[in-house]
Amino acid sequence: MKSRQEAINYCMKYRDVYEDQPFRDKNWTLMRHKENQKVFAWVFERNHHIWINVKCEPGIIDYWRQIHESIVPAYHLNKEHWNSIILDGTVPEKEIYEMIETSYNLTKRHRTN
């Protein structure tokens, strides 16, 4: 995965999500849940690469940063909860998919009975 469209297309595979561009800056694409409008992926270009900000589990966030130079504290978001994945070809797609899925699940409203 290297392009903005590939990232958006992958995120659109999840249930009940939509693509949003709420800012005046068209560089930012947000992937949101329909039910609660929470963002699970921020897709943007920076330094000639596409970046994806994803929410991470607290105990795992530093693990991703340690094993991949292209996973850094999130650009423009809370660095304790969010990472940026720089799509420069060095992070395996399987791991990118895993991080997006985690972010999707962490931001989804869970129903309680």
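**View 1. An aromatic cluster in a predicted model.** Let us start with the rings: Phe 23, Trp 28, Trp 42, Phe 44, Trp 51 and Tyr 75 belong to one aromatic cluster. Please keep in mind that the model shown in these views is predicted. Across the structure, the count of aromatic pairs is 13, and two of these pairs have views of their own below.

**View 2. Tyr 10 and Tyr 14, an edge-to-face pair.** A pair of aromatic rings is described by how far apart the centres are and by the angle of the planes. For Tyr 10 and Tyr 14, the centres are 5.6 Å apart and the planes meet at 80°, so the pair counts as edge-to-face, the term for angles over 60 degrees. Both of these tyrosines are buried.

**View 3. Tyr 10 and its surroundings.** Here we stay with Tyr 10, which sits in helix H1, residues 4–11. Is Tyr 10 buried or exposed? Its relative accessible area is 14%, so Tyr 10 is buried, the cut-off being under 20%. Leaving out residues up to four places away in sequence, Tyr 10 touches Met 1, Tyr 97 and Ile 100. Ile 100 is 90 residues from Tyr 10 in sequence, yet their C-alpha atoms are 9.0 Å apart in space.

**View 4. Thr 29 in strand E2.** Now look for Thr 29, a residue of strand E2, which covers residues 29–33. Thr 29 counts as buried because its relative accessibility is 0%. Which side chain does the side chain of Thr 29 join in a polar contact of 3.3 Å? The partner is Arg 4. Beyond four places in sequence, the residues in contact with Thr 29 also include Ile 8, Glu 19, Asp 20 and Gln 21, along with Ala 41, Trp 42 and Val 43. You may recognise Trp 42 as a member of the aromatic cluster in View 1.

**View 5. Tyr 63 beside Trp 64.** This view shows another edge-to-face pair, Tyr 63 and Trp 64, with 5.3 Å between the centres and 65° between the planes. What is the relative accessible area of Tyr 63? The value is 43%, so Tyr 63 is partly exposed. Trp 64, at 7% relative accessibility, counts as buried.

**View 6. A nonpolar patch on the surface.** Tyr 63 appears again here, joined by Ile 60 and Ile 67 in a nonpolar surface patch. Together the three have about 260 Å² of accessible area. Ile 60 lies in the loop between strand E4 (49–55) and helix H2 (61–67). With a relative accessible area of 36%, Ile 60 is partly exposed.

Note on methods:
Residues are numbered from 1 along each chain as its sequence is written. This is a predicted model: local features need pLDDT of at least 70, side-chain atom pairs count only at pLDDT 80 or more; totals for chains, interfaces and linings use all residues. Side-chain values use heavy atoms; hydrogens and water are left out. Patches are made of residues with over 30% relative accessible area and no salt bridge: like charges are joined within 9 Å, nonpolar side chains (Val, Leu, Ile, Met, Phe, Trp, Tyr) within 5 Å. Accessible areas come from the Shrake-Rupley method with a 1.4 Å probe; for residues, only the protein chains shown count as cover. A salt bridge is a side-chain nitrogen of Lys or Arg within 4 Å of a carboxyl oxygen of Asp or Glu. Helices (H or I, at least four residues) and strands (E, at least two) are DSSP runs, numbered from the N terminus. Buried means under 20% relative accessible area, exposed over 50%, partly exposed in between (1.4 Å probe, protein chains only). A polar contact is a pair of N or O atoms within 3.5 Å; within protein, one must be able to donate a hydrogen and the other to accept it, and residues adjacent in sequence count only if both atoms are side-chain atoms. Contact means heavy atoms within 4.5 Å. Rings of Phe, Tyr and Trp (its six-membered ring) pair if their centres lie within 6.5 Å; planes under 30 degrees apart count as stacked, over 60 as edge-to-face and the rest as tilted.
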